[in-house]
Amino acid sequence: MGTARKSVARTGFASANDATDLNEVGSIMDGQSKQYRYVRVEDLALAANDVVEYADATGMKVSQDRAGGSSLGRSFAGVALNTVTDAYYTWVQVKGVATCKVAAGAAAGATVAAGARVVTHATSNGAVATATTSTEAQAFGTALSADTATTSAAGTVSVMLDL
């Protein structure tokens with residue numbers, strides 16, 4: 001059975017928080033210069049702009065939980081569009097310009113400069129960090145601006161997803 005492909009965005013898809021699989025999990029949807037995948041959320045609820053990683057070998061489940069969750073280890077799966085309940089279904093963005101969460105505090109290695117390649121943050125749930133020599137192979141996008149995080153508050157950064 002192949003992955004279903006939807007070519008026209010339906011109204012309200014960006015706020016999907018579905019208790020049941022309403023769109024065939026794994027489906028890909030093309031929007032104007034962006035692409036989305038329908039997935040099941042695992043471990044923790046999502047907030048808008050959370051970066052998620054694959055949580056199972058099928059690519060149908062995602063998690064933003066780095067510490068105690070089922071993340072498969074910094075394997076980028078998408079960016080949350082909205083708040084989503086744990087164990088519910090939603091669309092995550094996988095291509096195009098996206099707004100990604102950045103963890104608070106430069107000490108956490110979270111500062112992202114314009115032009116930097118980004119990876120999922122090693123310890124901060126749902127966040128990105130600047131790729132290093134050892135993590136460059138895991139990079140999934142380029143920061144189009146500097147991040148807005150402060151020492152006490154998480155921020156965001158505009159990223160061109162380029163997998």
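This is a short guided tour of the structure above, with a residue or strand to select at each stop.

**Before you start**

You are looking at a predicted model, in which local features need pLDDT of at least 70, side-chain atom pairs count only at pLDDT 80 or more, and totals for chains, interfaces and linings use all residues. Residues are numbered from 1 along each chain as its sequence is written, and side-chain values use heavy atoms, with hydrogens and water left out.

**Stop 1: the whole chain**

Colour the chain by secondary structure. You should find 0 helices and 11 strands; here helices (H or I, at least four residues) and strands (E, at least two) are DSSP runs, numbered from the N terminus. Of the 163 residues, 44% count as buried. Buried means under 20% relative accessible area, exposed over 50%, and partly exposed in between (1.4 Å probe, protein chains only).

Now think about contacts, meaning heavy atoms within 4.5 Å. Among those between residues at least 6 apart in sequence, 54% join residues at least 24 apart.

**Stop 2: strands S7, S8 and S9**

Select residues 127-130, which form strand S9, and residues 89-102, which form S7. These two strands run parallel and are joined by 2 bridges; two strands pair if DSSP finds at least two bridges between them. For a landmark, find lysine 101, which stands opposite alanine 127 in S9.

Next, add S8, residues 117-120. S8 and S9 run antiparallel, with 3 bridges between them. The hairpin of S8 and S9 has 6 residues between the strands, and there glycine 126 takes a positive phi near 75°.

**Stop 3: threonine 120**

Stay on S8 and select threonine 120, which belongs to this strand. Its bridge partner in S9 is valine 128. Is threonine 120 buried or exposed? Threonine 120 counts as buried because its relative accessibility is 1%.

Show the neighbours too: leaving aside residues up to four places away in sequence, threonine 120 touches Val51, Glu53, Arg66, Arg74, Phe76, Ala127, Val128, Ala129 and Phe140. With glutamate 53 there is a side-chain to side-chain polar contact of 2.8 Å. A polar contact is a pair of N or O atoms within 3.5 Å; within protein, one must be able to donate a hydrogen and the other to accept it, and residues adjacent in sequence count only if both atoms are side-chain atoms.

**Stop 4: histidine 121**

Move to histidine 121, in the loop between S8 and S9. At 4% relative accessibility, histidine 121 is buried. Which backbone nitrogen does its side chain reach at 3.1 Å? That nitrogen belongs to threonine 123. The backbone nitrogen of serine 124 lies 3.0 Å from a polar atom of the histidine 121 side chain.

**Stop 5: aspartate 147**

Now select aspartate 147, in the loop between S10 and S11. Aspartate 147 is buried, because its relative accessible area is 16%. Its side chain reaches the backbone nitrogen of valine 112 at 2.5 Å and that of alanine 149 at 2.9 Å.

Try a distance label from aspartate 147 to alanine 113: they are 34 residues apart in sequence and 6.6 Å apart in space, C-alpha to C-alpha.

**Stop 6: leucine 144**

Finish with leucine 144, in the loop between strand S10 (141-143) and strand S11 (155-161). With 45% relative accessibility, leucine 144 counts as partly exposed.
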